[in-house]
Amino acid sequence: MKPVTCFAFIQNATLEKKVIDCLSKFKSIQFFGFVNQRVDFLERMNLIRPEILILDLSHSKNEEFEILELIHKPPIILGIISSKDNPHLWLDKGLFDVIPIQFTSEMLIRKVYKIIRIISDINNVYQFEPLAAENPINYKPSKSATSKENDSFFIRYQKVTTKIKTNIITVITKESKLIAIETVTNQLYFHESTIKETATKLPAEYLVRINNATIINLNFVDKIQKNLVYIGERVFTVSRSYYYQFRNAMETMQKNK
């Protein structure tokens, strides 16, 4: 999947860090950067055309209305607004969606994921030549993974139950009171459970817990360096209490290949 370009104008340092922490979880986003000065923002918007623009609109309404009139609007604008503002006021100005300034990490992640899926669907509709789909990581499935191809895992979120295949899961991480499940197809699911409980319901031969907040799929491991595990461009730490369990699982997998 082609990376989705994103740019942000956020005037509060704490808010900027919160947004960066959330968006850094997405491998499919290419950042054009973050600015906190109005002049810098207007200059950059004359030079770049991001697909997603994140705007801090929690300050003076008149000034923010003026900003929207001055820039060449990108396809999708996500606004961060004051909790006192009426969302429809901003949606009528052409914003795709808004989020309150007191947003949770889960809330922002879900909104950005929704936006990425919409952009991906639009690109697929207007893709005139068939392109071969590429996995983000080249790997050779082990025999155990092949034999488990039909294994599935039921997840539940907001009273909706979904069934996903376990062999497409790449990483599972703790997200506040939920867990986030990422797949090789760049899908993101949330599950109302804990890492400990979830680990007991997964194929232990290739979905292995490596610390208190992470489960990884051994089939997607690119490199191991001491207690660090590399999956694509991401790095995970294997804690001491799970190190031998992880090493034994990797050795068993290598023998079965």
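# Exercises on strands, hairpins and a pocket

Strand β1 (residues 4-9) and strand β3 (residues 52-56) pair in the parallel sense, over 4 bridges. Strands pair if DSSP finds at least two bridges between them. Strands (E, at least two residues) and helices (H or I, at least four) are DSSP runs, numbered from the N terminus.

The model is predicted: local features need pLDDT of at least 70, side-chain atom pairs count only at pLDDT 80 or more, and totals for chains, interfaces and linings use all residues. Residues are numbered from 1 along each chain as its sequence is written, and side-chain values use heavy atoms, with hydrogens and water left out.

**Exercise 1.** Find the order of the strands in the open sheet, and explain what is special about β2 and β5.

*Solution.*
- Step 1. Start from the pair β1 and β3, where C6 stands opposite I52 in β3.
- Step 2. Write the order of the 5 strands: β2-β1-β3-β4-β5, with parallel pairing.
- Step 3. Look at the edges. β2 (29-35) and β5 (97-100) each have a single partner strand, so one side of each is left without a neighbour in the sheet.
- Step 4. Check the twist. Neighbouring strands are turned by 20° against each other on average, direction ignored.

**Exercise 2.** Place helices α1 and α2 against this sheet.

*Solution.*
- Step 1. Take helix α1 (residues 13-23). It packs on the sheet and touches β1, β2, β3 and β4 (76-81). Contact means heavy atoms within 4.5 Å.
- Step 2. Compare directions. α1 makes about 175° with β2. Axes are lines fitted to C-alpha atoms, for helices over the stretch in contact, and angles run from 0 to 180 degrees between N-to-C directions.
- Step 3. Take helix α2 (residues 38-45). It lies across β1, β2 and β3, at about 155° to β1.

**Exercise 3.** Trace the two hairpins made by β13, β14 and β15.

*Solution.*
- Step 1. β13 (residues 223-225) and β14 (residues 228-231) pair in the antiparallel sense over 3 bridges. K223 stands opposite Y230.
- Step 2. In this hairpin 2 residues lie between the strands, and K226 in the turn has a positive phi of about 60°.
- Step 3. β14 and β15 (residues 234-237) pair in the antiparallel sense over 4 bridges. V229 stands opposite F236.
- Step 4. Again 2 residues lie between the strands; G232 in the turn has a positive phi of about 65°.

**Exercise 4.** State how much of the chain is buried.

*Solution.*
- Step 1. Apply the cut-off: buried means under 20% relative accessible area (1.4 Å probe, protein chains only).
- Step 2. Buried residues make up 44% of the 257 residues.

Terms used
Buried means under 20% relative accessible area, exposed over 50%, partly exposed in between (1.4 Å probe, protein chains only).
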